[in-house]
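Grab a pencil and let's work through a few short exercises on aromatic rings and where they sit. Take a look at the model before you start.

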Amino acid sequence: AETCASNLDEDCDGSECGLWGHVYGSSSMQFPLGIEVAPNGDTYFLFAFNNAGDSIQFAGSTITATGEDDYVLAKVSVTGQEVWANRFTAPYGYFQILGANEDGVFIGGNLFATIDLGGGPLVNNTGVTHKAFAAFDSDGDFLWNTAVRGPTGALFLDAAGLSPLGQIVIAGHAWPGAEYEGEVIADPNAVGGGVQVGFAIDAITGVLLWHHEWETEDLNYDLLTAIGFDAQGEIFLGGGDTAYSISFGGPTLVPGPQEQGFLVHLDTNGEWVAGAFICDYCQPEKIAVGPAGEVIVSGWGVWSVASATPLPIVTTGTAISRLDAVSFEPVWTTFTSDLADFDIDANGEIRFSFCGPGAFYDDVSTPAIGVEDLLLGKMDMSGAVLWHRKFGAPGATLIDREYNTYRSMPDGHGVLLFRGGGAPVDFGAGAMTFSGSNLGLVQIAP
């Protein structure tokens with residue numbers, strides 16, 4: 001079977017690491033806003049056009065931006081066939097994919113002005129920014145849309161995802177009096193500009209399932225930054241770079257003398273299970289939970305690194321780290337030259353990606369191919385690197401923290417969404433050619 005662990009064509013089909021790929025866009029810039037894989041292996045991705053008149057070719061049709069705030073939500077089959085694409089306009093929308101399952105795909109973003117996501121006008125004529133959520137079935141047909149609204153604002157959407165139970169779980173800073181479809185989710189009398197909240201909506205119907213307010217004096221709009229789920233749908237929420245205590249319904253977490261990042265474990269209803277501060281001057285940006293409950297995070301900061309000696313060493317930078325599932329102490333930490341996106345595949349292996357001038361900080365054996373190098377790889381749960389490859393992508397962009405750009409497929413393959421920098425990138429099936437900052441979508445062998 002094909003593998004990216006070497007540059008050999010193991011199955012003699014003419015390709016070796018990248019099995020199929022597409023390049024989308026004109027000479028202008030397109031912005032990747034997330035990718036998700038359904039249980040059958042179909043891939044959904046979202047991107048934004050940069051300019052009115054920009055276009056892509058998709059499934060035999062031309063899709064053209066009518067304004068500067070046009071988005072495209074698209075589906076590609078497990079074999080790489082283009083299936084459908086929906087375009088919508090949302091001024092200052094900053095939309096992102098929240099998840100995908102057998103029922104369809106789910107998105108969220110800003111409701112800055114009245115928009116139409118397929119179900120008729122979703123109105124905002126208040127002059128303040130609200131938050132919109134929407135669902136589409138696997139054929140691309142509109143299912144529902146809802147909104148969080150408030151008298152002075154709504155919600156910052158920094159930590160959101162789809163749980164295995166079909167709950168869209170959202171955590172972030174909400175303004176006083178914010179409501180989800182008429183139900184208050186943030187205290188109208190909150191002082192200091194708002195509160196930190198968490199809530200869940202049913203992915204099939206859009207109905208609010210539960211909501212909580214969390215106690216802290218830190219009203220940072222980006223305090224809550226990462227979310228993940230275990231196989232049972234329990235919630236792991238991260239955030240930080242805070243000097244304030246915070247309570248998620250259990251014991252109050254108190255940081256040390258410096259700003260710290262935290263990780264909390266909540267049950268399927270958002271109730272407290274456990275939590276701890278985990279690193280200094282840091283912020284978890286991605287969280288995933290393995291099949292045996294292994295907690296993996298990536299982020300930036302000062303990390304206490306488990307070592308062979310009783311005392312940890314402390315190193316600063318971007319890293320992928322496994323934490324003990326009970327104490328949240330580090331089991332191992334691997335440093336990367338830029339923020340890494342990652343996912344855990346069906347075999348319990350960690351598939352990771354990042355762009356940067358090099359690879360791991362201690363990697364001197366494989367020099368960077370480009371000024372900005374695109375690196376993909378795999379680790380096992382012990383932290384051992386199974387393989388890593390550099391492909392060279394000068395000027396490429398791989399990840400913004402809110403968006404997933406590298407996801408695992410049920411059969412062990414992966415799929416990567418990135419923005420090229422004008423230079424060709426070859427994943428082993430021939431060069432993908434970019435005329436500018438176009439989108440690249442490629443399937444990666446195990």
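**Exercise 1.** Find out which residues form one aromatic cluster with Tyr24.

Solution. Keep in mind that this is a predicted model. Tyr24 shares one aromatic cluster with Phe45, Phe47, Phe49 and Phe58. In the whole model, the count comes to 21 aromatic pairs. One of them is Tyr24 with Phe58, at 5.5 Å centre to centre and 40 degrees between the planes. Stacked needs under 30 degrees and edge-to-face over 60, so this pair counts as tilted.

Now place the two rings: Tyr24 is in strand S1 (residues 18-24) and Phe58 in strand S4 (residues 55-58), 34 residues apart.

**Exercise 2.** Decide whether Tyr24 and Phe58 are buried or exposed.

Solution. Buried means under 20% relative accessible area. Tyr24 has 2% relative accessibility, so it counts as buried. Phe58 also has a relative accessible area of 2%, so Phe58 is buried too.

**Exercise 3.** Classify the pair made by Phe262 and Phe277.

Solution. Start with the numbers: 6.0 Å centre to centre and 85 degrees between the planes. Over 60 degrees means edge-to-face, and that's what this pair is. Phe262 lies in strand S23 (residues 260-266) and Phe277 in strand S24 (residues 272-289), so the pair ties together parts 15 residues apart in sequence. Both residues, Phe262 and Phe277, are buried.

**Exercise 4.** Work out whether Tyr94 is buried or exposed.

Solution. Exposed means over 50%. Tyr94 has a relative accessible area of 55%, so it's exposed. Tyr94 sits in the loop between strand S7 (82-89) and strand S8 (96-101). Together with Tyr92 and Phe112, Tyr94 forms a nonpolar surface patch of about 360 Å² accessible area.

Methods:
Residues are numbered from 1 along each chain as its sequence is written. This is a predicted model: local features need pLDDT of at least 70, side-chain atom pairs count only at pLDDT 80 or more; totals for chains, interfaces and linings use all residues. Side-chain values use heavy atoms; hydrogens and water are left out. Patches are made of residues with over 30% relative accessible area and no salt bridge: like charges are joined within 9 Å, nonpolar side chains (Val, Leu, Ile, Met, Phe, Trp, Tyr) within 5 Å. Accessible areas come from the Shrake-Rupley method with a 1.4 Å probe; for residues, only the protein chains shown count as cover. A salt bridge is a side-chain nitrogen of Lys or Arg within 4 Å of a carboxyl oxygen of Asp or Glu. Helices (H or I, at least four residues) and strands (E, at least two) are DSSP runs, numbered from the N terminus. Buried means under 20% relative accessible area, exposed over 50%, partly exposed in between (1.4 Å probe, protein chains only). Rings of Phe, Tyr and Trp (its six-membered ring) pair if their centres lie within 6.5 Å; planes under 30 degrees apart count as stacked, over 60 as edge-to-face and the rest as tilted.
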